[in-house]
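Biologist: I would like a close look at a single part of this chain, set in the context of the whole. Could you take me through it with the cut-offs stated?

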Amino acid sequence: MCLVVLVGAFAPRFAIFLVWLFSNRMALAFDSFWIALAGFVFLPFTTLLYAIAYQPIVGVSGFGWFLVGMGFVLDIANWLGGARQRDQRRYD
């Protein structure tokens, strides 16, 4: 799991693919394939950290929600950074 976290820091979609390929965490964490797919496309950091923080009986609780929140902040920063980069290229 440590390797997935390290890969996820740079390539969250690849890390989600690795989690899906080598474990059943994605199936446990998400009831629907479509929700996981939407997370893969739109919020990859949040989806990855939710799958890592999910515990089968309890769900996500305590520090896990902090991790999911940090994933959401990373996703929003990623979206805003991409928009800013695009705007800078447009005006240069």
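Modeller: What follows moves from the whole chain to helix α5 and then to two single residues.

This is a predicted model, in which local features need pLDDT of at least 70 and side-chain atom pairs count only at pLDDT 80 or more, while totals for chains, interfaces and linings use all residues. Residues are numbered from 1 along each chain as its sequence is written, and side-chain values use heavy atoms, with hydrogens and water left out.

The chain holds 6 helices and 0 strands, where helices (H or I, at least four residues) and strands (E, at least two) are DSSP runs numbered from the N terminus. Along the principal axes, its C-alpha atoms fill a box of roughly 50 × 25 × 25 Å. Of the 92 residues in the chain, 30% are buried, with buried meaning under 20% relative accessible area, exposed over 50%, and partly exposed in between (1.4 Å probe, protein chains only). Among contacts (heavy atoms within 4.5 Å) with a separation of 6 or more, 54% join residues 24 or more positions apart.

Against that background, helix α5, which spans residues 44-53, is mostly covered, since 8 of its 10 residues are buried. The buried residues begin with Pro44, Phe45, Thr46, Thr47, Leu48 and Leu49, and they also include Ala51 and Ala53.

Ala53 belongs to helix α5 and counts as buried at 11% relative accessibility. Leaving aside residues up to four places away in sequence, Ala53 touches Arg25, Gly59, Val60 and Gly64. One of these partners, Arg25, is 28 residues from Ala53 in sequence, and the two lie 9.6 Å apart in space, C-alpha to C-alpha.

Phe45, another of the buried residues of α5, can be placed relative to Ile76, from which it is 31 residues apart in sequence and 9.7 Å apart in space, C-alpha to C-alpha. Ile76 is found in helix α6, which covers residues 63-91, and with a relative accessible area of 34% Ile76 is partly exposed.

For an example of helix packing elsewhere in the chain, the axes of helix α1 (residues 2-10) and helix α2 (residues 12-22) come within 6 Å and cross at roughly 150 degrees, the axes being lines fitted to C-alpha atoms, for helices over the stretch in contact, with angles running from 0 to 180 degrees between N-to-C directions. The two helices, α1 and α2, are therefore roughly antiparallel to each other, a term used for angles over 145 degrees. On the α1 side the contact is made by Val4, Val7, Gly8 and Phe10, and on the α2 side by Pro12, Phe14, Ala15, Leu18 and Val19.

Technical notes
Parallel < 35°, antiparallel > 145°, perpendicular 65-115°, else oblique.
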